[in-house]
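Please explain how this chain is put together, moving from its overall make-up to the packing of its helices and then to a few individual residues.

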Amino acid sequence: MEQKEFLDIILPVKDKLFRLARRILVSTDEAEDAVQEVFLKLWKGKDNMEKYKNPEAFAMTMTKNYCLDRLKSKQASNLKIVHNNFHHTDNIERTIEGNEGVEMVLKLMETLPEKQRMIMQLRDVEQFEYTEISEMLEINETAIRVGLSRARKTIREQLIKQYNYGIS
């Protein structure tokens, strides 16, 4: 496989890989490093790329696994302590209610259990099909539907609680 073919296949999924890595690792810098590392591994195995039915799903799976391994490593304690990549700026766009709602949902997603968070990210944010998510996470589709349902229910309940200011 030539460089151009490789780039044609992999570059379009770069943003999806980054968003998944960012969701798992929280840190923007760590997510960028993870994507770069995955790209390097994919380039080294470029000759085997044609064997995969869905190179995008393979790349997503590699990213997920790399990020989870990264969290399990000894350096993971540093990842959970440093959250300096959230910039608090006073700009008018941030005050728009729609943006605040999306931001709130993304913050609430961080409170979900890991599997539910990944399923919701892949299905609702990245728009993957259940079969693709099943292959990536190595979970059957029924478990994915149940996990997604539970994640959405949790997010919905927390949003209602926040919008009602604790009054139920």
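The paragraphs below go from the whole chain to helix pairs and then to single residues.

The model shown here is a predicted one, and the values that follow are computed from it. The chain contains nine helices and zero strands, so that, read from the N terminus on, its elements follow the order α-α-α-α-α-α-α-α-α. Of the 168 residues in the chain, 38% are buried, while the exposed surface comes to about 10900 Å², of which carbon and sulfur atoms supply 51%. When contacts between residues at least 6 apart in sequence are considered, 67% of them join residues that are at least 24 apart.

Some of the helix packing can be followed from helix 2. Two packed helices are described by the angle between their axes and the distance between the axes. For helix 2 (residues 14–25) and helix 4 (residues 55–72), the axes come within 9 Å and cross at roughly 25°. An angle under 35 degrees counts as roughly parallel, and helix 2 and helix 4 are therefore described as roughly parallel to each other. The crossing in which helix 2 passes helix 4 is right-handed. On the side of helix 2, the residues that take part are Lys16, Leu17, Leu20, Ala21, Ile24 and Leu25, and they meet Glu56, Ala59, Met60, Thr63, Lys64, Cys67, Leu68, Arg70 and Leu71 in helix 4. Sorted by class, the residues of this contact between helix 2 and helix 4 are ten nonpolar, one polar and four charged.

Helix 2 also packs with helix 3 (residues 28–44), where the axes come within 8 Å and cross at roughly 130°. That angle makes helix 2 oblique to helix 3, and the crossing of this pair is right-handed. The contact is formed by Lys14, Leu17, Phe18, Ala21, Arg22 and Leu25 of helix 2, together with Thr28, Glu30, Ala31, Glu32, Ala34, Val35 and Phe39 of helix 3. By class, the contact of helix 2 with helix 3 consists of eight nonpolar, one polar and four charged residues. Leu17, Ala21 and Leu25 of helix 2 are among the residues that contact helix 3, and Leu17, Ala21 and Leu25 are likewise among those that meet helix 4.

The loop between helix 2 and helix 3 holds Val26, a residue other than glycine whose phi nevertheless has a positive value, near 70°. Is Val26 buried or exposed? Its relative accessibility is 15%, and because the cut-off for a buried residue is under 20%, Val26 counts as buried.

Further along the chain, helix 7 (residues 114–125) packs with helix 8 (130–137) at an angle of about 140°, with the two axes 10 Å apart. This makes helix 7 oblique to helix 8, and the crossing of the two helices is right-handed. The residues in contact are Met118, Ile119, Leu122 and Arg123 of helix 7 and Tyr130, Ile133, Met136 and Leu137 of helix 8. In terms of class, the contact of helix 7 with helix 8 has seven nonpolar residues, no polar residues and one charged residue.

Helix 7 is also where Gln116 is placed, and which residues does Gln116 contact once its neighbours within four places in sequence are left aside? They are Gly147, Arg150 and Ala151. With a relative accessibility of 16%, Gln116 counts as buried.

The last residue to consider is Glu138, which is located in the loop between helix 8 (130–137) and helix 9 (141–163). Glu138 is not a glycine, yet its phi is positive, at about 55°. Its relative accessibility is 69%, and because a residue over 50% is taken as exposed, Glu138 counts as exposed. Although Glu138 and Thr61 are 77 residues apart in sequence, they are 9.2 Å apart in space, C-alpha to C-alpha. Val26 and Glu138 can thus be set side by side as loop residues with positive phi, since Val26 counts as buried at 15% relative accessibility, whereas Glu138 counts as exposed at 69%.

Note on methods: Residues are numbered from 1 along each chain as its sequence is written. This is a predicted model: local features need pLDDT of at least 70, side-chain atom pairs count only at pLDDT 80 or more; totals for chains, interfaces and linings use all residues. Side-chain values use heavy atoms; hydrogens and water are left out. Helices (H or I, at least four residues) and strands (E, at least two) are DSSP runs, numbered from the N terminus. Buried means under 20% relative accessible area, exposed over 50%, partly exposed in between (1.4 Å probe, protein chains only). Contact means heavy atoms within 4.5 Å. Accessible areas come from the Shrake-Rupley method with a 1.4 Å probe; for residues, only the protein chains shown count as cover. Axes are lines fitted to C-alpha atoms, for helices over the stretch in contact, and angles run from 0 to 180 degrees between N-to-C directions. Angles under 35 degrees count as roughly parallel, over 145 as roughly antiparallel, 65 to 115 as roughly perpendicular and the rest as oblique. A crossing is left-handed if the near helix is turned anticlockwise from the far one by less than a right angle, and right-handed if clockwise. Ala, Val, Leu, Ile, Met, Phe, Trp, Tyr, Cys and Pro count as nonpolar, Asp, Glu, Lys and Arg as charged, and the others, Gly among them, as polar.
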